[in-house]
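Work through these exercises with the sequence and the 3D view side by side. Try each task before reading its solution.

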Amino acid sequence: MDIDERIAALDAERIDHRFKALPPDAEGLTVGELAAQRRSLFDGGFGTPLLVLSEEALAHNLAALEEYTDKYGLVFAPHGKTSMAPQLFARQLAHGAWGITLAVPHQVRVARAFGVPRIFLANELVDAAALRWIGAELDADPDFQLITYVDSLRGVELMDAALRAAGVQRQLDVVVELGAGQGARTGVRTDREAEAVAAAVSAAGTLRLVGVAGYEGEVPAADPERVRAYLRRLVALAETLDRAGRFADATEIVVSAGGSAWFDAVAEVFAEVPELSRPALRLLRSGAYVTHDDDHYRRITPFNRVPDDGDLQPAFRLWAQVVSRPAPDQAFLNAGKRDAPYDLGLPTPRTVRSARDGAVRTAPDGLEVVKLSDQHAWLRVPPEDGLEVGDWVALGVSHPCTTFDKWVLIPVARADGTVTSYVRTFF
């Protein structure tokens, strides 16, 4: 089966207690049958709290990065760890993505179960069990391509030993990861270390060096000048290794970077990649764009700096219900840390829907989430506001990655509240 057939099979899953907030009277229906009913979020039997994806915002964001990467000649492998939703992987691939970036072997297994043909594993891989499994996948499918990081001689040794012990026939493609500076995350710290790792890869018959990679989001005290300087170091490292003949077995040379805060800098610097001995694959890996958000990424998106290049729209709304208003300036919603992210900012009230007549109004100034408990949001309320017990409040959220992982099945709805499909996550 191809990826579309495997995605379509998700519609056969039965609705039951595993999927919070879905209508109790949908028990036993398949996901496809429930989607076909086109229920309304507000009178279709859904409970609260309820995380919802905007159909219109998703479509907008998918198109925005497709257009952006096409404009700047970048190959796109969006980071799938953001959503861990194969349905969104398929849509990203349909919008021209080269493949999907992932962070750990479990995520690779999910992607392969749904037929993703190219995977960029943006992490070091030294787990022998994972290497055996990946080696078996490579040997079983000559069309499957996986590229992973390496940043140490010991890492090369462990990878080579595991692949040899497993009798893997195909070489595993690797890129040398360049750290973003002292005190940053993973990656070699100096060009000398990078050259030593590249030499070790060349000496290991189980591995093939195909490029360099890094993450500019880890640059200490990041600003445009420091980020561009780091990215130019990355490009220069690719040149150095190429001159040393380290990519002799590669068909193309990967130069990869790119989170969601500095992809404009990546586009600018990667346009400067010189002619190498092999065609350059300028690979961008941004992931949070697919849903964007209402706070963190809204503030740091490169489209704020280059608005002529496009924009992104927040695709998440977390609907919660007022369950208590014990004081004039205080109310409590039935959504908390189990439902909403809080690592990069608290949720933000956006709209209020009256329980009395369904009237929807913009959340007033001063209506604010000030704290989250496990199952409650603490609201500060303007004392004169008419917020009542039973009203629904739509919350904007901050940080897509820690939103998706709290929800297993997420309704996708149109602006009028009609639910058209459901997105299944695998964390």
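**Exercise 1. A pair of strands**

In which sense do strand β7 (residues 207-213) and strand β8 (residues 253-257) pair, and over how many bridges?

Solution. Start with the ground rules. This is a predicted model, in which local features need pLDDT of at least 70 and side-chain atom pairs count only at pLDDT 80 or more, while totals for chains, interfaces and linings use all residues. Residues are numbered from 1 along each chain as its sequence is written, and side-chain values use heavy atoms, with hydrogens and water left out.

Next, the terms. Helices (H or I, at least four residues) and strands (E, at least two) are DSSP runs, numbered from the N terminus. Two strands pair if DSSP finds at least two bridges between them.

Now the answer. β7 and β8 pair in the parallel sense, over three bridges. Pick out V212: its bridge partner in β8 is V255.

Now widen the view. Eight strands make an open sheet with parallel pairing, in the order β2-β9-β8-β7-β6-β5-β4-β3. Its edge strands, β2 (75-76) and β3 (100-102), each pair on one side only.

**Exercise 2. A residue in β7**

Is L209 buried or exposed, and which residues does L209 touch beyond four places in sequence?

Solution. First, place the residue: L209 is in strand β7. Second, apply the cut-offs: buried means under 20% relative accessible area, exposed over 50%, and partly exposed in between (1.4 Å probe, protein chains only). L209 has a relative accessible area of 3%, so L209 is buried.

Third, list the contacts (heavy atoms within 4.5 Å). Leaving out residues up to four places away, L209 touches V174, V175, V176, A198, V201, L241, R246, F247 and A250. Last, check a distance: the C-alpha atoms of L209 and Q171 are 9.6 Å apart, with the two positions 38 residues apart in sequence.

**Exercise 3. The partners of β10**

Find the strands that pair with β10, and name an opposite residue in each pairing.

Solution. Take the partners one by one.

- β1: the pairing with β10 is antiparallel, over four bridges. L51 stands opposite L318 in β10.
- β16 (residues 392-396): this strand also pairs with β10 in the antiparallel sense over four bridges. Here A320 stands opposite V393 in β16.
- β11 (residues 330-333): the pairing with β10 is antiparallel, over three bridges. V322 faces L333 in β11. A hairpin of two residues joins β10 to β11.

**Exercise 4. Rings and charges**

How many aromatic pairs are there?

Solution. State the rule. Rings of Phe, Tyr and Trp (its six-membered ring) pair if their centres lie within 6.5 Å; planes under 30 degrees apart count as stacked, over 60 as edge-to-face and the rest as tilted. By this rule there are 12 aromatic pairs.

Take one of them. F42 and W319 are 5.1 Å apart, centre to centre, with 85 degrees between the planes, so the pair is edge-to-face. This pair links distant parts of the chain: F42 lies in the loop between α2 (31-36) and β1 (50-54), W319 lies in β10 (residues 316-327), and 277 residues separate them. F42 is partly exposed at 24% relative accessibility, whereas W319 is buried at 8%.

Then compare Y68 and Y72. Their centres are 4.8 Å apart and their planes differ by 45 degrees, which makes the pair tilted. Y68 is buried at 2%, and Y72 is partly exposed at 32%. Ring pairs also link Y68, Y72, F263 and F303 into a cluster.

Finally, look for charges over rings (NZ of Lys or CZ of Arg within 6 Å of the ring centre and within 35 degrees of the ring normal). The charged end of K20 sits over the ring of W407, 4.1 Å from its centre. R109 lies over the face of W133, 5.9 Å from the ring centre.

**Exercise 5. A residue in α1**

Where is I7, and is I7 buried or exposed?

Solution. I7 is in helix α1 (residues 3-8). Its relative accessible area is 14%, so I7 is buried. Leaving aside neighbours within four places in sequence, I7 is in contact with P86, Q87, A90 and F114. The C-alpha atoms of I7 and A85 are separated by 9.9 Å, though the two residues are 78 apart along the chain.
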